[in-house]
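Dear colleague,

Please find below the sequence and structure that I am handing over to you. My findings follow directly after it.

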Amino acid sequence: MKKFISVSDIENLQEIIKKALQIKENPLSETEKGKGKTIGLVFLNSSLRTRLSSQIAAQNLGLNVLTLNAAQEAWNLEFADGAVMNGDTVEHIKDAIEVLNQYCDIIAVRCFAGLKSKEDDVNESILSQFEQHAKVPVISLESATRHPLQSLADCITITENWKEEHKPKVVLTWAPHIKPIAHAVGNSFAEWMQEMDVDFVITNPEGYDLDKNFTKNVKVIHDQDEALKDADFIYVKNWSSFDDYAAMPEVKESWMLTNEKLEHTNQAKVMHCLPVRRNVELSDEVMDGENSIIYQQAKNRIFSAQAVFSEILDELNSK
């Protein structure tokens, strides 16, 4: 593996899930693999699970870890090509990445969607510069359009919790929120589920369909109750409108997941990437109930990151 930006960078999804589960059984089985190498974790946005799980995963592999909270601790960055830097920006992203190239063997970066320019977000205006200027492998810790380490953890969690012979029904359901939320988790989950052996559907209100470049031919149902019928797994997540970019069209129906809605399912396991707005996206009774596998999902973030870092190190160590 030479980089990790999306599911397309995975040669065999089932094999990396298997590897992650083996790592989970013995997280310290490869403590020498990263010896003498450095990973730079660059955060342009807030993080809890991604930051901590990535640090733990890297340390488990013996990597030296540099963590940069770029939005707070670094110079104000300029991202525009040809910019005349006579304002508030002090350092161009090209120069910052070139320095990271000197210090790091792997660069991992987290850069959210701005939700201001659809063109900038769809074209990954920040992540694309890391891909362009980095001379070492680049790993996405979430970008404007995808969250691949989260999606791999989701695949690991579903695999752990499904032992039946038939395909599980997995439903990605939109949930309410108080502000516009980016599409990265929804997009990414949709992409990865299409690579899994599952019956996958998406449910969201009218006006909230995700980008078809990610959902492709996945069935989208605008009636939540209909979509949840006989579900085995429910992934709860909010996102804003894609067509009317970052808007929040009015939704009159109740879309918050409750125990009453779970009654229509096949005792579905409930997932969420966290952080979650309790009693807005889903109720306390669901979050804290026996159907929730949300904390298991969060723990698996360590092993998704460690499996990816290990694959990247295999590539580096083979040179």
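Is histidine 177 buried or exposed? The model is a predicted one, and in it histidine 177 has a relative accessibility of 16%. Because buried means under 20% relative accessible area, histidine 177 counts as buried.

The annotated positions

Histidine 177 also appears in the UniProt record, an unreviewed entry, which lists Glu142, His177, Lys237 and Arg277 under "binding site". In the model, Glu142, His177, Lys237 and Arg277 from this set belong to the lining of the largest pocket.

Histidine 177 is located in the loop that runs between strand S7 (169-174) and helix H8 (184-193). Its contacts, apart from neighbours within four places in sequence, are Asn238, Met248, Arg277, Val280 and Glu281. One of these, Arg277, is itself listed in the UniProt record for "binding site". In addition, the side chain of histidine 177 comes to 3.4 Å from the backbone nitrogen of lysine 179.

Glutamate 142 is placed in another setting, the loop between strand S6 (138-140) and helix H7 (148-160). With a relative accessible area of 10%, glutamate 142 is buried. Residues up to four places away in sequence aside, glutamate 142 touches Val109, Arg110, Cys111, Phe112, His147, Ala184 and Val185.

The loop between S6 and H7

Two further residues of this loop deserve a description. Histidine 147, in the loop between S6 and H7, has a relative accessible area of 4% and is therefore buried. Glu142 is among the residues that histidine 147 touches, and the others are Thr50, Arg110, Leu141, Ala184, Val185, Ser188 and Arg301, where residues up to four places away in sequence are not counted.

Arginine 146 lies in the loop between S6 and H7 as well. The side chains of arginine 146 and glutamate 191 are joined by a polar contact of 2.8 Å. Beyond its neighbours within four places in sequence, arginine 146 is in contact with residues including Ile5, Ser6, Glu124, Ser140 and Phe214. Ala184 and Ser188 are in contact with arginine 146 and are also touched by histidine 147.

The parallel sheet

Strand S7, which precedes the loop of histidine 177, belongs to an open sheet of 5 strands in the order S9-S8-S7-S10-S11, with parallel pairing. Strand S9 (219-221) and strand S11 (269-271) stand at the edges with a single partner strand each, so one side of each has no neighbour in the sheet. From one strand to the next, the twist averages 25 degrees.

S7 is mostly covered, as 6 of its 6 residues are buried. In a regular strand, side chains alternate between the two faces of the sheet. On one side of S7 are Lys169, Val171 and Thr173, on the other Val170, Leu172 and Trp174, and all are buried, so both faces of S7 are covered.

S7 pairs with strand S8 (residues 199-203) in the parallel sense over 5 bridges. Within this pairing, valine 201 of S8 is the bridge partner of valine 171. Strand S10 (residues 233-237) pairs with S11, also in the parallel sense, over 3 bridges. Phenylalanine 233 stands opposite lysine 269 in S11.

Yours sincerely

Methods: Residues numbered from 1 in each chain as written. Predicted model: local features only at pLDDT ≥ 70, side-chain atom pairs only at ≥ 80, totals over all residues. Heavy atoms only, no water. UniProt positions renumbered as here; feature names shortened; annotations may be inferred. 1 Å grid on protein atoms, 1.4 Å probe; cavity = no way out; pocket = protein on both sides within 12 Å on 5 of 7 lines; lining within 4 Å. Helix = DSSP H or I, 4+ residues; strand = E, 2+ residues; numbered from the N terminus. Buried < 20%, exposed > 50% of the residue type's maximum accessible area, 1.4 Å probe, protein only. Contact = heavy atoms within 4.5 Å. Polar contact = N/O pair within 3.5 Å; in protein donor to acceptor, adjacent residues only side chain to side chain. Pairing = 2+ DSSP bridges. Axes fitted to C-alpha atoms, helices over the stretch in contact; angles between N-to-C directions.
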